[in-house]
Amino acid sequence: MSETGRHFGRRRSDPVPMVTTAAAGRSNDVASRQRRYLIMMGIRIACLPLAVVTQGWLRWVFILGAVVLPYVAVVIANATHQPRGSTLAPVLPPPRPQLPPAPPSKDRLEH
């Protein structure tokens with residue numbers, strides 16, 4: 001800021017460009033995949049004792065869940081988010097004011 005309280009190069013009324021179509025960070029993607037994996041493994045852990053205490057067709061459903069869920073969880077956890085095409089437009093600076101051309105001078109010698 002200058003001594004007069006004005007910002008150099010920007011006016012306070014200038015809109016601030018927002019980046020809303022940018023892809024989420026890699027850490028967000030990893031955290032999301034870890035959360036999905038842990039949820040599916042929690043369901044698998046619940047299937048194991050339920051397969052022991054239930055009878056009939058429900059037992060087979062829990063056994064199938066305990067056997068198949070690890071494979072499905074790994075496949076889903078390894079599926080990364082594919083970046084989509086960005087629709088960002090470049091942010092161009094506002095045009096700088098220019099001085100008008102100098103009037104022809106009578107004192108100047110021209111060849």
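This tour moves through a predicted model, from the whole chain to selected residues.

**The whole chain**

Begin with the entire protein in a ribbon view. The protein has two helices and zero strands. Of its 111 residues, 12% count as buried. Among the contacts in the protein with a separation of 6 or more, residues 24 or more positions apart account for 60%.

**The two helices**

Next, select residues 26-53, which form helix α1, and residues 57-78, which form helix α2. Two packed helices are described by the angle between their axes and the distance between the axes. Here the angle is about 165°, and the axes lie 8 Å apart. Angles over 145 degrees count as roughly antiparallel, so α1 is roughly antiparallel to α2. The crossing of α1 and α2 is left-handed. Colour the residues of the contact of α1 with α2 by character: 19 are nonpolar, two are polar and four are charged.

**A salt bridge within α1**

Now select Asp29 and Arg33 and display their side chains. Side chains of opposite charge can pair when their charged atoms come close. Arg33 forms a salt bridge with Asp29, and the closest N and O atoms are 3.6 Å apart. How many salt bridges does the count come to? The count comes to one salt bridge. Because Arg33 and Asp29 are four residues apart in helix α1, about one helical turn separates them. Are Arg33 and Asp29 buried or exposed? Both Arg33 and Asp29 are buried.

**Ala51 and its partners**

Move along helix α1 to Ala51, which has its place in this helix. Ala51 has a relative accessibility of 10% and therefore counts as buried, the cut-off for buried being under 20%. Add Phe62 to the selection and draw a distance between the two C-alpha atoms. Ala51 and Phe62 are eleven residues apart along the chain, and their C-alpha atoms are separated by 5.0 Å. Which residues are in contact with Ala51, leaving aside its neighbours within four places in sequence? With those neighbours set aside, Ala51 is in contact with Arg59, Phe62 and Ile63.

**Ala46 and Gly65**

Staying on helix α1, select Ala46, which lies in that helix. Ala46 is partly exposed, with a relative accessible area of 36%. Then add Gly65 to the view. The pair Ala46 and Gly65 is 19 residues apart in sequence and 9.5 Å apart in space, taken from C-alpha to C-alpha.

**Leu69 and its partners**

Cross to helix α2 and select Leu69, which is found there. The relative accessibility of Leu69 is 15%, so Leu69 counts as buried. Met40 should be selected with it: Leu69 and Met40 are 29 residues apart along the chain, while their C-alpha atoms are separated by 6.7 Å. Once neighbours within four places in sequence are left aside, the contacts of Leu69 are Met40, Met41, Ile43, Arg44 and Leu64.

**Val68, the last stop**

Finally, select Val68, also placed in helix α2. Val68 has a relative accessible area of 36% and is partly exposed. To complete the view, add Arg44. In sequence, Val68 and Arg44 are 24 residues apart; in space, C-alpha to C-alpha, Val68 and Arg44 are 8.8 Å apart. Arg44 has already appeared on this tour as one of the residues in contact with Leu69.

Conventions
Residues are numbered from 1 along each chain as its sequence is written. This is a predicted model: local features need pLDDT of at least 70, side-chain atom pairs count only at pLDDT 80 or more; totals for chains, interfaces and linings use all residues. Side-chain values use heavy atoms; hydrogens and water are left out. Axes are lines fitted to C-alpha atoms, for helices over the stretch in contact, and angles run from 0 to 180 degrees between N-to-C directions. Angles under 35 degrees count as roughly parallel, over 145 as roughly antiparallel, 65 to 115 as roughly perpendicular and the rest as oblique. A crossing is left-handed if the near helix is turned anticlockwise from the far one by less than a right angle, and right-handed if clockwise. Ala, Val, Leu, Ile, Met, Phe, Trp, Tyr, Cys and Pro count as nonpolar, Asp, Glu, Lys and Arg as charged, and the others, Gly among them, as polar. A salt bridge is a side-chain nitrogen of Lys or Arg within 4 Å of a carboxyl oxygen of Asp or Glu. Buried means under 20% relative accessible area, exposed over 50%, partly exposed in between (1.4 Å probe, protein chains only). Contact means heavy atoms within 4.5 Å.
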